[in-house]
Amino acid sequence: MEPITIGVAGIVLLILMLVMGVHVALALMAVGLLGNVLLMGFNPSGWLATGQAYYAVATSVLITIPLFVFMGILAGISGLSSDIYKVIGMWVGRFRGALGVATVFSCTAFGVVTGSSMVTAAVFAQVSAPEMRRYGYDKRLAYGICSSAGAIGMLIPPSILIIIYALLAELSVGKMLIAAVVPGLLLALLFSAGILIIAWLKPAMVGGVASIAQAKATWRERFAALLLLWPIYVCAVIIIGGIYGGIFSPTEAAAWGALILIIITLVTGGQKRWHILSKCGLQTVATSAMIFFILAGAAIFARFLMLSQITPSVMKLIFGMGFSPVHFILIMVLIYLVMGCFLDSISMLSITLPILTPVVKAMGIDPIYFGVIMIMAIEAGLITPPVGLNVYATKGVAEPDVTLEDIFIGSAPFFILFLIAIPILIAFPGLITFLPARLF
């Protein structure tokens, strides 16, 4: 059997296993190992798979993943998210849609201490959605804001997905993290504008003008409240400022950020501080192990694609069709949007990057520019049915009268805003490439 035939059969088998509900890491490993056995024989493929799995996870840069996961979980459990929402609500003020705008910027600020959009969405579905509903927000819009704005947490450093993309594409983690800052802020501004437009067109959906009680505070109280967010400032200086200024590597920044939050928890956590740290540790181990398992499977699958000549064949096909870089990017955005209906973000990258990375480089596309756009498309897919994971994370903590259908409907306007943000980034690549070019 020809190698290319084995490669195509392997991809079909992978799709079937995913449709049947097999965990993506196990599916990648099984297909990659079976394909390599057919191509190389049992013993060589066994040694190859062992080496690929080991070197996929045995790198110091991957230390950032459990550290950033730990920071996000700890920030959510310790109550830092509530402080963020309270302070930003005071500064946003009182106008129609103010609570929604406060939620968007709270998710953006929370992104400094977490690298997960699902964690951000779930945390603020508990913190801000009930508050919005108390002031008359439509339940669909309230939870739709939380599930959608959670995606901003995956763009503001630290970002687990960006780190994984950088590792799979063999790029600088620091450059990738910095490149996503402006797109993350752009998305926050578009979401805020969208909420204000909804408030203008359908004022009943955002209740009255009243906002959270703290929004009535004096200017002196507002400035004093900023002190509550000192952990955010410290983490921002360490993670973004440290990487931006070349003081820390991403790994060192992650370690310092985690240490700061641990110290804060020990000092302010009271009698529950050890319980909080223990709970965060267990959740971090479970989440990190899942991510490493997927990365190991992706490495085995990537080598299978190379041996079966799938990757070179795809490159020849794309070049033969005469796609321009912009057309290629648009097609990939569409593919990722569709994949987001069925797969989680890490799985999408693990499955596609082994094929796409050589194509992107051969077409002369900046892989950092390409990566940020694809991550934006992936995040948009996480609020689309039937398997929008941000929506499921929000539903898991939502009030009893809120259904999955409600959250999907509430997220729909923000999906449209994603579709506006992506062409803006494609048309103005400097929004992505400016900071990395200046810093590195």
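1. Glutamate 131 counts as buried, at 18% relative accessibility; buried means under 20% relative accessible area, exposed over 50%, and partly exposed in between, with a 1.4 Å probe and protein chains only. The side chain of glutamate 131 meets that of arginine 134 in a salt bridge, 3.0 Å from N to O. A salt bridge here is a side-chain nitrogen of Lys or Arg within 4 Å of a carboxyl oxygen of Asp or Glu. Both residues lie in helix α8 (residues 129–134), three residues apart, about one turn of the helix. Arginine 134, in contrast to its buried partner, counts as exposed at 58% relative accessibility.

2. On the basis of the values: this is a predicted model, in which local features need pLDDT of at least 70 and side-chain atom pairs count only at pLDDT 80 or more, while totals for chains, interfaces and linings use all residues. Residues are numbered from 1 along each chain as its sequence is written, and side-chain values use heavy atoms, with hydrogens and water left out. Helices (H or I, at least four residues) and strands (E, at least two) are DSSP runs, numbered from the N terminus.

3. A search of the whole structure finds five salt bridges. Side chains of opposite charge can pair when their charged atoms come close. Glutamate 399 forms one with arginine 133, the closest N and O atoms being 2.9 Å apart. Glutamate 399 lies in the loop between α21 and α22 and arginine 133 in helix α8, so this pair ties together parts that are 266 residues apart in sequence. Glutamate 399 is partly exposed at 26% relative accessibility, and arginine 133 is also partly exposed, at 24%.

4. Arginine 133 has a salt bridge with aspartate 401 as well, at 2.7 Å from N to O. This pair too links distant parts of the chain: aspartate 401 is in the loop between α21 and α22, arginine 133 is in helix α8, and 268 residues separate them. Aspartate 401 has a relative accessible area of 37% and is partly exposed. Arg133, Glu399 and Asp401 are thus listed together as a network of salt bridges.

5. The helices on either side of that loop also pack. Helix α21 (residues 389–397) and helix α22 (residues 404–427) do so at an angle of about 130°, with their axes 10 Å apart. Axes are lines fitted to C-alpha atoms, for helices over the stretch in contact, and angles run from 0 to 180 degrees between N-to-C directions. That makes α21 oblique to α22; angles under 35 degrees count as roughly parallel, over 145 as roughly antiparallel, 65 to 115 as roughly perpendicular and the rest as oblique. The crossing of α21 and α22 is right-handed, a term for the near helix being turned clockwise from the far one by less than a right angle, with anticlockwise giving left-handed.

6. On the α21 side the contact (heavy atoms within 4.5 Å) is made by Val391, Tyr392, Thr394 and Lys395, and on the α22 side by Leu404, Ile407, Phe408 and Ser411. By class there are five nonpolar, two polar and one charged residues. Ala, Val, Leu, Ile, Met, Phe, Trp, Tyr, Cys and Pro count as nonpolar, Asp, Glu, Lys and Arg as charged, and the others, Gly among them, as polar.

7. Helix α16 (residues 273–307) packs with helix α19 (residues 345–362) at an angle of about 20°, their axes 9 Å apart. α16 and α19 are therefore roughly parallel to each other, and their crossing is right-handed. Ile291, Ile294, Ala298, Phe301, Ala302 and Leu305 of α16 meet Ile346, Ser347, Ser350, Ile351, Pro354 and Ile355 of α19. The residues of this contact divide into ten nonpolar, two polar and no charged.

8. Serine 345 is placed in α19 and counts as buried, at 8% relative accessibility. Leaving aside neighbours within four places in sequence, serine 345 is in contact with Leu161, Ile378, Glu379 and Leu382. Serine 345 and leucine 382 are 37 residues apart in sequence and 7.7 Å apart in space, C-alpha to C-alpha.

9. Asparagine 36, in helix α2 (residues 24–40), is buried with a relative accessible area of 1%. Beyond its neighbours within four places in sequence, asparagine 36 is in contact with Gly41, Ser45, Leu48, Ile300, Arg303, Phe304 and Leu307.

10. One backbone point is left. Most residues other than glycine have a negative phi. Glutamate 170 has a phi near 60°, a positive value in a residue other than glycine. Glutamate 170 sits in the loop between α10 (160–168) and α11 (173–179) and is exposed, with a relative accessible area of 69%.
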